[in-house]
Amino acid sequence: AKRCGNIVKNLLIFARRTSGDFKEEHLNIIIDNSIMVIEHGVKMKELTLVKELDQENDLIHCDAGGIQQVLVALIVNSIEASSRGGKITIKTEGQIEKDRISIMVSDNGKGIPDDILPHIFEPFLSTKVKSTGLGLSVVYGIVEQHTGSIHVESKVDQGTTFTITLPL
């Protein structure tokens with residue numbers, strides 16, 4: 001019953017639209033808030049978390065709660081994919097000429113197999129034993145609502161990098 005409840009809850013999250021509370025926000029603050037949520041998991045696994053944030057170009061028009069949900073989901077996935085003592089990097093890079101900013105969440109974890117990689121944003125796909133497979137589907141939906149894009153690069157046993165590009 002608990003597992004069914006979690007599936008229904010995640011389906012509702014997947015189906016819902018953000019509150020529409022889009023306003024100017026500093027991305028670096030959203031990133032810092034996201035890190036505070038998952039900090040314990042990083043410490044428990046003895047991981048190194050590195051931030052390389054563009055300090056000048058971080059003002060975006062967004063639903064801060066939605067972007068935080070995206071970042072927490074990606075960082076939690078990185079934590080789960082990483083071995084004790086691994087490294088997670090969160091980097092932002094402004095592209096002023098294109099009025100965009102990119103957020104990269106990278107880890108040196110186990111990576112995603114080539115046969116699964118093209119399908120990772122599909123609902124109910126999961127490589128984890130205890131998962132509904134909705135996390136990356138929700139991430140994809142939120143990024144789309146922000147007229148952004150998400151791209152992933154991964155090599156088995158070398159790590160994964162998710163790159164989200166959002167309008168400034």
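**Which strands does helix α4 lie across, and at what angle does it run to β6?**

Helix α4 (residues 135–145) lies across β6 and β7, and its direction makes about 140° with β6. Such angles run from 0 to 180 degrees between N-to-C directions, with axes as lines fitted to C-alpha atoms, for helices over the stretch in contact. Let's see what surrounds this helix.

**About the model**

This is a predicted model, in which local features need pLDDT of at least 70 and side-chain atom pairs count only at pLDDT 80 or more, while totals for chains, interfaces and linings use all residues. Residues are numbered from 1 along each chain as its sequence is written, and side-chain values use heavy atoms, with hydrogens and water left out.

**The overall plan**

The protein has four helices and seven strands. Both kinds of element are DSSP runs numbered from the N terminus: helices are H or I with at least four residues, and strands are E with at least two. Along the sequence they follow the pattern α-β-α-β-β-α-β-β-α-β-β.

Of the 168 residues, 40% count as buried. Here buried means under 20% relative accessible area, exposed means over 50%, and partly exposed is in between, using a 1.4 Å probe and protein chains only. Contacts (heavy atoms within 4.5 Å) often link distant parts of the sequence: among those with a separation of 6 or more, 73% are between residues 24 or more positions apart.

**The sheet**

Five strands form an open sheet with mixed pairing, in the order β2-β4-β5-β7-β6. Two strands pair if DSSP finds at least two bridges between them. At the edges stand β2 (48–52) and β6 (149–155); each has a single partner strand, so one side of each is left without a neighbour in the sheet. On average, neighbouring strands of this sheet are turned by 10° against each other, direction ignored.

Now follow the pairs. β4 and β5 run antiparallel and are joined by eight bridges; in their hairpin, which has four residues between the strands, Asp-99 takes a positive phi near 55°. Eight bridges also join β5 (residues 100–107) to β7 (residues 159–167), again antiparallel, and one partnership here is Ile-101 with Leu-166. Between β6 and β7, also antiparallel, there are seven bridges, with His-151 partnered by Thr-163. The hairpin of β6 and β7 has three residues between the strands, and Asp-157 takes a positive phi near 65° in it.

**A close look at Ser-102**

Ser-102 sits in strand β5, with Glu-93 opposite it and Thr-165 of β7 opposite it as well. Is Ser-102 buried or exposed? Its relative accessibility is 4%, so Ser-102 counts as buried. Its strand fits that picture, as seven of the eight residues of β5 are buried.

The side chain of Ser-102 makes a polar contact with the side chain of Thr-165 (3.3 Å). A polar contact is a pair of N or O atoms within 3.5 Å; within protein, one must be able to donate a hydrogen and the other to accept it, and residues adjacent in sequence count only if both atoms are side-chain atoms. Leaving out residues up to four places away in sequence, Ser-102 touches Lys-91, Thr-92, Glu-93, Gln-95, Thr-163, Ile-164 and Thr-165.

**Helix against sheet, and the core**

Helix α3 (residues 64–81) packs on the sheet, where it touches β4 (87–95), β5 and β7, and its direction makes about 25° with that of β5. Seven of the nine residues of β7 are buried, so β7 is largely enclosed by the rest of the structure.

The largest nonpolar core has 35 residues, and Leu-74, Phe-162 and Ile-164 have the most contacts inside it. Such a core is a set of buried Ala, Val, Leu, Ile, Met, Phe, Trp, Tyr and Cys residues joined through side-chain atoms within 4.5 Å. Elements that give two or more residues to this core include α2 (27–44), β3 (59–62), α3 and α4. The largest share, seven residues, comes from α3. Leu-74 touches Val-105, Leu-136, Val-139, Phe-162 and Ile-164, not counting residues up to four places away in sequence. Two of these neighbours also face each other in the sheet: Val-105 stands opposite Phe-162 in β7.
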